[in-house]
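Visitor: Please give me a close look at a single part of this structure, and then show me how it connects with the rest.

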Amino acid sequence: MVKYELKKMFGRPLGRLSLVVLAAALAVTCFFALRVPYVNDQGETEYGLAAIHQLRATQKAWAGPLDEAKLRAVIEANNAVNASPEAQSDDVQKLNMAFSRKQGFNPIRDLLNSAYAEGFRTYDYYRADSLTLDDAPAFYENRTALLAGWLAAEGEGEEQFTPAEKTWLLDQYRTLESPWQMDCFLGWQQLFEYAPTVVMVTALVLGFLAAGIFSCEGQWKADAIFFTTRHGRDKGSAAKVWAGFLVVTALYWLVFLLFSGLVLGVLGTDGGACPIQVYLWKSPYQITLLQAWGLIALGGYLGCLFLSAVTMLVSAKTGSGMVSAVIPFILIFLPALLLGDMRDLLQAVLGLLPDRLLQFSRQLTYFDLYQLGDLVIPAVPILLGMYSVLTLLLFPACYLLYRRKQLR
């Protein structure tokens, strides 16, 4: 019976069209994720596999512990390029030639811009150009000092967090092991940047497919026959639930693993052992880029499962595929609209809505904290735990609701 439900789902023209849309969206996203520029020594921008190989080799030359010696070397190299005739020229081609010599250490240069910024929430691309070798020892201390200053500033973090939450954040910053391991993390960077797009498109397509699982009999005027058959209410309803679960699981992991495999296969898996802060500077989580990928994959899966389960529940209740199909759109895009005008009022609630699961690479840099007594808990474990439980409850609820449905 599960096989029959799957045939109904993908036998419809709209079902097959949704797969085409998903495949097209994946192809377009992979194209942009892999379109990484490399500037050669002539100041010309190149794309393609050869350019990626050159960029990776250039950045790999600066791999290793990000200690004081490495920071001094980067500051010295950056100042040397800035003093060159090409960097001081007004000609765009020559400026690009100067930039080409910074590509290898540019990720570290970007960290310098953040570490020596004027404030925790400010960023100046040219800040690293004014540093001297004597500034190198303060790199890790500055990160914590900037956070402490922001948390103590009136009208800034001082009003947003409780004393216990401030202590938790500062402890996360202070106890992060240093020096950090640095490597070329180009593959992870592009994957984290485009993963939310892939996951959200997948969630919308899966929601569209799930919307028709419980509504198709009603649309075909066959629900009376379905419910009067011997196993219609028990095995038939269970088959629909299992079909929804299997489709979400199979399609999500197929798409996400294919996306990850293409991006990391082309751009490289180097840097998986680097702390996430080399890419997400402000992140309070003490995890590596590889561990972050695992959280992003799990969060996206839970988000797709939850949204599809809610869609199926609405479909089973209303019998309308059109009404239930808009549920994923509402749950994904409505929080973004609310955040603009009601941020202070709804911040705590918005931090736990299901759209955060679909954008886990961004969630890992947010300061969404929740306090229970003296215990401070970040949003990530709450999201994973809460939606695991809710999803486990929703699928049986779909079965029970549809099994007991009365026809009018």
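Guide: Helices (H or I, at least four residues) and strands (E, at least two) are DSSP runs, numbered from the N terminus. This is a predicted model, in which local features need pLDDT of at least 70 and side-chain atom pairs pLDDT 80 or more, while totals for chains, interfaces and linings use all residues. Residues are numbered from 1 along each chain as its sequence is written, and side-chain values use heavy atoms, without hydrogens or water.

Let's start in helix 2, which spans residues 13–33 and includes Leu26. Val20 sits in helix 2 too. Leu26 has a relative accessible area of 12%, so it counts as buried (buried means under 20%, exposed over 50%, partly exposed in between, with a 1.4 Å probe and protein chains only). Beyond its neighbours within four places in sequence, Leu26 is in contact (heavy atoms within 4.5 Å) with Val198, Val255, Leu258 and Phe259. Take Leu258: 232 residues separate it from Leu26 in sequence, yet their C-alpha atoms are 9.0 Å apart. Such pairings can be set beside the whole chain, where residues 24 or more positions apart make up 74% of the contacts with a separation of 6 or more.

Phe259, one of the contacts of Leu26, leads us inward. Phe259 is among the residues with the most contacts inside the largest nonpolar core, together with Leu112, Phe139 and Leu364. That core has 90 residues (a core is a set of buried Ala, Val, Leu, Ile, Met, Phe, Trp, Tyr and Cys joined through side-chain atoms within 4.5 Å). Helix 10, residues 186–211, supplies the largest share of this core, 14 residues. Apart from it lies another core of 13 residues, including Leu146, Trp150, Leu170 and Tyr173. Leu364 has its own set of partners outside its neighbours within four places, among them Ile276, Leu280, Tyr285, Leu295 and Val380.

For the wider frame, the protein chain has 20 helices and six strands, and 48% of its 408 residues count as buried.

Charged pairs add another kind of link: the structure holds nine salt bridges (a Lys or Arg side-chain nitrogen within 4 Å of an Asp or Glu carboxyl oxygen). Lys60 meets Asp183 in one of them, at 3.1 Å from N to O. Lys60 lies in helix 3 (residues 49–60) and Asp183 in the loop between strand 4 and helix 10, so this pair ties together parts that are 123 residues apart in sequence. Lys60 is partly exposed at 33% relative accessibility, whereas Asp183 is buried at 17%. Both belong to a salt-bridge network with Arg56 and Asp270.

Arg356 and Asp368 also form a salt bridge, with their closest N and O atoms 2.6 Å apart. Arg356 belongs to helix 18 (residues 355–358), and Asp368, twelve residues away, to the loop between helix 19 (360–363) and strand 5. Both partners are buried, Arg356 at 9% relative accessible area and Asp368 at 7%.

In helix 9, Arg174 and Asp171 are three residues apart and therefore separated by about one helical turn. Their salt bridge has an N to O distance of 3.9 Å; Arg174 is exposed at 52%, and Asp171 is partly exposed at 36%. The loop that follows, between helix 9 (163–174) and strand 4 (181–182), holds Pro179. A cis peptide bond joins Pro179 to Ser178, with omega about 0°. As background, most peptide bonds are trans.
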